[in-house]
Amino acid sequence: MPTLTIALAQINPTIGDIDGNLALIVAAARRAHAAGAQLVAFPELSLTAYYPADLLEDPDFQRRLAKGVAALIATSKELPDLHWVVGAPTPNTGIGKPLFNSLLVVKNGEVLLQYHKQLLPTYNIFDERRHFEPGPDVAKILDIEDVRVGFMICEDGWNDEERDYVVNPFKRLADAAPDLVVSINASPSSIGRREMRHDIFSKASARHGLPLVYVNQIGGHDQVIYDGASFAVDPARGVVMEGARFQPDLMVLQVHSRAKFLDREGKELGAINVKGLSTNEFYREQLVLGLRDYARRCGFSTAVVGCSGGIDSALTLAIAVEALGAKNVVAITMPSHYSSTGSVTDSQRLCQNLGIELYTHSIGDLVGQYAGQFGTVFGEPLVGLSKENLQARIRGTILMEFSNRFGHLLLTTGNKSEISVGYCTLYGDTNGGLGVIGDLYKTEVFGLSRYYNEVAGREIIPTAIIDKPPSAELAPGQKDTDSLPPYEVLDPILKTLIEGSRLSQKEGEEAMKFVRETSKTDAGKALIERVKKMIARNEYKRRQAPPILRVRSRAFGSGRQMPIAAKY
């Protein structure tokens, strides 16, 4: 009976770094060959990394891409019996967009097969139709060691129930009756996404009686993080093998019939326990990888955070230390006349626990000088919200001074609840290069902070920080609840209004139930309307904020495109 040994190379490529990505591909191919593989599959657009966006239109990038493809084909001669399945943009010489999102099967200096992605997503964070032309509605099959192998690219496998597109590439491929389907992917990670992949591809595999392997990229790419978790699906057993999450991996297995996978030793693979990470562990690993790769790819090895003694900056610092190392993270506390003694001492205790350096830079005199000069020039005292925002902007300026002088990446500390309703100061606490926890609601910030302490088995984030009522401390006795509903009330409303049907079934049902109950009273209806208006009114702030690491199904940024000058 024919047997094919295959390897799934789950790599972490860098967008635009064609030479570096080619080096990763070649190194993984050599490891796969050494493990006895006859076919090695890489993720979607693995030569450029996903997603190059308008780099695809740059002439220099196009020249480097062509050289990279040629170098890949030439290098394949070094391993003449290995089939390389690689994703790359290729030219479209016909009508339409100038490029295809393509899969190439290369062996011993030749391109044996070329397949163009048919379904080009243009929703949420995706905009592939901007750059690519859809491929023709055809299946591509290649006989390798007497095993018929069919190929597809990411979105092509997501429409087998024919809900989103007229074309169903999976059905067309099934009609060609391959022994194995190889799917190359760049599937972003968000809460519940891994389980969704398993469900969709397990059902399609069972429906058509086709074993399938699914290879995915990993890494942080601007706001978007990819978790890998490549897998193999048996039509009768479901998922029988899964790769590592949030780190590179090379999975090697065998297929010798249309319904059976074997491990490297020839033992038949059975269904595995596909239970995922806890929600808090998922958030932790996703944010750590996202921050680490963002800093590395932008040329930063160090980070600075404004440490207020509050929960948001505390969690941001804990994630930064895990991602970059304690010696590479600096905190700055900037007390004003309104800062409580506890804010300073809590900051000190936190930084001691994390093993990082803490600087104290008081802003009281600066605020007084600004306010005095304002009154002298404009004839009116600086009071109320203007004076509160002044404090945030002075702090933001100090942090940017430090970043500019010492080369640290400034991390912003806003959470999704506050960003949603504009409870932040533009050019103040929104300053920075990356928002680490900006896709976590405030209640999730508290939950993840407690989880950090549980995992450590000791107090990393002081209990005093977790237990204190949230406050910006910009006015005497100020509390967040002076301006906002309690976060236990606000967050389910925000989830319903911002994410809606994109929530998981359980979370969506809980949020909708809360909103329905709240809507039963006039006060509740008024509250929901107030929150709606706050979200809409503050779109201009979000448009000017730094990129936010994405962990949920709908994050601010490219995943939620709303107008600023509009009435809704």
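Six strands of this predicted model build an open sheet of mixed pairing, ordered E6-E7-E8-E9-E12-E13. Two strands are taken as paired if DSSP finds at least two bridges between them, and the elements themselves are DSSP runs numbered from the N terminus, with helices (H or I) of at least four residues and strands (E) of at least two. Strand E6 (141–144) and strand E13 (238–242) are the edges, each with a single partner strand, so one side of each has no neighbour in the sheet. Direction ignored, neighbouring strands of this sheet are turned by 25 degrees against each other on average. At the E13 edge, strand E12 (residues 231–234) runs antiparallel to E13 and is joined to it by four bridges; one of the bridge pairs is Asp234 with Gly238 in E13. Helix H4 (residues 193–208) lies across strand E7 (147–153), strand E8 (180–185), strand E9 (212–216), E12 and E13, and runs at about 35 degrees to E12. Here and below, axes are lines fitted to C-alpha atoms, for helices over the stretch in contact, and angles between N-to-C directions run from 0 to 180 degrees; contact means heavy atoms within 4.5 Å.

As for the ground rules, residues are numbered from 1 along each chain as its sequence is written, and side-chain values use heavy atoms, with hydrogens and water left out. Because the model is predicted, local features need pLDDT of at least 70 and side-chain atom pairs count only at pLDDT 80 or more, while totals for chains, interfaces and linings use all residues.

A further set of strands centres on E4 (residues 99–107), where eight of the nine residues are buried (under 20% relative accessible area with a 1.4 Å probe, protein chains only; exposed is over 50%, partly exposed in between). Strand E3 (residues 83–91) pairs with E4 in the antiparallel sense over eight bridges, and Pro89 has Asn101 in E4 as its bridge partner. E4 is also joined to strand E5 (residues 110–116), again antiparallel, by six bridges, including the one between Val106 and Val111. E4 and E5 form a hairpin with two residues between them, and Asn108 in the turn has a positive phi of about 50 degrees.

Two helix pairs can be set side by side. Helix H6 (residues 311–324) and helix H11 (residues 442–456) pack at about 50 degrees with their axes 10 Å apart. H6 and H11 are therefore oblique to each other, since angles under 35 degrees count as roughly parallel, over 145 as roughly antiparallel, 65 to 115 as roughly perpendicular and the rest as oblique. Their crossing is left-handed, that is, the near helix is turned anticlockwise from the far one by less than a right angle (clockwise would be right-handed). From H6, Ile311, Asp312, Leu315, Ala318, Ile319 and Glu322 meet Lys442, Val445, Phe446, Leu448, Ser449 and Tyr452 of H11.

For helix H13 (residues 487–498) and helix H14 (residues 505–518), the axes come within 9 Å and cross at roughly 115 degrees; H13 and H14 are therefore roughly perpendicular. H13 passes H14 in a left-handed crossing.

Finally, Ile398 lies in helix H9 (residues 384–406) and counts as buried because its relative accessibility is 6%. Leaving aside neighbours within four places in sequence, Ile398 contacts Met334, His361, Ile363 and Leu366. The C-alpha atoms of Ile398 and Ile332, 66 residues apart along the chain, are separated by 9.1 Å.
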